[in-house]
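Trainee: Could you take me through one part of this structure slowly, and then place that part in its wider setting?

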Amino acid sequence: MKNKVNREIPDSILKDKQYEGFQTTDFGQPDIQRVAPKVTAQTGPSKVVDSIKQVVKETLQDGMTISFHHHFREGDFVFNLVMREIIDAGYKDLTLAPSSLTNVMNDIVVEAIEKGVVTNITSSGMRGSLGDAVSHGALKNPVIFRSHGGRARAIETGKIKIDVAFLGVPNADEMGNANGMNGEAAFGSLGYALMDAQYANKLVLITDSLMPYPNTPASIKQTQVDYVVKVDKVGDPDKIGSGATRFTKDPKELQIARMVNDVIVHSPYFKDGFSFQTGSGGAALAVTRFLRQAMLDNQIKASFALGGITKPTVDLLNEGLVNRVMDVQDFDKGAASSMKNSPAQQEIDASWYADPANKGAMVDKLDVAILSALEIDTNFNVNVMAGSDGVIRGAIGGHQDAATAKLTIISAPLVRGRIATVVPDVTTVITPGDSIDVLVTEIGIAINPKRKDLFEQLKKVPGLPIFTIEELQQKAEKLVGQPKPLEFTDRVVALAEYRDGSLIDVIKEVKD
Amino acid sequence: MEIKQTALAGTLESSDIQIMLSEGSDGIHFDLTSDVKKQFGDDIMATIKDVLAAYDIEKANVKVIDKGALTPVIKARAITVAQRALDLKDQPNWEVL
């Protein structure tokens, strides 16, 4: 069948995997039954065990689902330590269900796939050699990609049933009270891992710094933890978050940021108490700086900033321009290290952040979201997953979730090198055009025709050229030429869920 | 025309293209490296071939490392490398330009 964004979803997949095609961005008010983990009670004085090898042996069986978090980002040691033991012990047919996969995890996942240790994967995304392997059909079963909110929903409803969660933490006591804020490998918010902590049948904490009991503040609590393993190092502090984020000097990014700021400031949402989410790219960081000045000039303060947090956002908090920072993960050291000193920088879990299947997520209250795109098409559908060569190299992250904001702005250059960003039809639909309001490129903006109100308000703004999205697409094509269409086989290598659990697109094996 | 010497034009900066032209035995042979080979490989080779034809170069090995160059850049680098390979760099071929 063709779903509402005109993507052909093979009937066999809908039937075998009991999926429905994407219909609408409106989640409605369904009743939802949640699942609960199985708890093995214990009353002993300590949960510390000697080695990862031992704990793997005690907890893991063939065919189980294991999970990890990606808060250590490119500085992660834990994933490789644990997967090494699992591969060497010869386990088979595991499902890997991490919150996401970073480059530092690629090689060992490829090895686990080749040896039949891992036969199913669900993740927010993947890149590099792993994305390449999956796109070339290395995995027998299709990968399932879910947004951060979608993963929270899938865990709560039992679609992802985590047998054993291996969670690295920069500190923990002997009973498993832990947080992400203190210790040498501190990364700030444990947002995504809190889902695993709450719903996994067995929870193994791996830490390099055992604290005196009781260790507080405890984001993960001893009531949830089965084992604590001490290792030498859980991560490389220099690679966990980027260092000091430099302000971009790229004139193209600055131009985009200036126009994004113009769109926000002249929208009806820019008033006292508004809320926003920005990403971590160069243009997004520049927007934060422009927005700061606009807030000062107009004496406007924001009620909250949401999502992945960077130092410039924390600066706004310290300056009193933002009232609360609702923090699901920290992108840089500045943001990670400020959490412990600031009660106004609130750690939130992935469900609270972005899950449609709960009693209200933060994204429902979000006014302005600034998001990026690998591709956006003339129906405003956005691709953040498949590269222009059709190979998987991205992550949904919170894209689908934050795009439900009242004003969702995609900031993207018209072309990257010889690749057009604005295209007639995206390679893979991840976020439906229905939830996108404005596209900002360096040469001008395009407004979703659904938003006539925004057009009326923005057309008077000086220095803000407005085009139709078709015009922007044609300008891009004129620059780079018309690419030869990509070739795929019929084999489906990955499924992209929308945040409600319906299928928004499938990704096929690339033909070389 | 006969290629007099192996020549090189262009850099490996993004949005540029580096072309090396050397003597060949029969026809034009390409060795193309490009991140956009799937989408634009044929287009890049056709653009270079057109330039070589304008210089009557019929036998050549062309090693190309493309970094996402747009068509005008590819043409400019191809003209330069042809002029250098034919040792004509002091006498630009105005008709080709």
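What follows is a close look at one helix, then at its chain and at the contact with the second chain.

Trainee: Which residues of helix 2 of chain A are buried, and what covers them?

Mentor: This is a predicted model, and what I say should be read with that in mind. Helix 2 of chain A runs over residues 52-59, and its buried residues are Ile52(A), Val55(A), Val56(A) and Thr59(A). Viewed down the axis of helix 2 of chain A, these buried residues fall within an arc of 105 degrees, so they line one face of the helix. The cover over them includes one helix, helix 3 (78-88) of chain A, together with strand 1 (48-49), strand 7 (164-169), strand 8 (202-207) and strand 9 (227-230) of chain A.

Turning to the wider setting, chain A holds 16 helices and 26 strands; its radius of gyration is 22 Å, close to the 24 Å that the globule rule gives for 512 residues, so chain A is as compact as a globular protein of that length. The C-alpha trace of chain A spans about 70 × 55 × 45 Å along its principal axes, and 56% of the 512 residues of chain A count as buried. Among contacts in chain A with a separation of 6 or more, 75% are between residues 24 or more positions apart.

As for the second chain, the contact takes 11 residues from chain A and 12 residues from chain B. On the side of chain B that touches chain A, the largest share, 5 residues, comes from helix 1 (residues 37-54) of chain B, and by class that side has 4 nonpolar, 5 polar and 3 charged residues.

Key: Residues are numbered from 1 along each chain as its sequence is written. Chains are lettered from A and ligands numbered from 1 in the order in which they are written. This is a predicted model: local features need pLDDT of at least 70, side-chain atom pairs count only at pLDDT 80 or more; totals for chains, interfaces and linings use all residues. A residue is buried if 20 or more other C-beta atoms lie within 10 Å of its own, exposed if 12 or fewer, and partly exposed in between; C-beta atoms are placed from the backbone. Helices (H or I, at least four residues) and strands (E, at least two) are DSSP runs, numbered from the N terminus. The arc is that of the directions from the helix axis to the C-beta atoms. Two residues are in contact if their C-beta atoms, placed from the backbone, lie within 7 Å. The radius of gyration is taken over C-alpha atoms; the globule rule is 2.2 Å times the number of residues to the power 0.38. Ala, Val, Leu, Ile, Met, Phe, Trp, Tyr, Cys and Pro count as nonpolar, Asp, Glu, Lys and Arg as charged, and the others, Gly among them, as polar.
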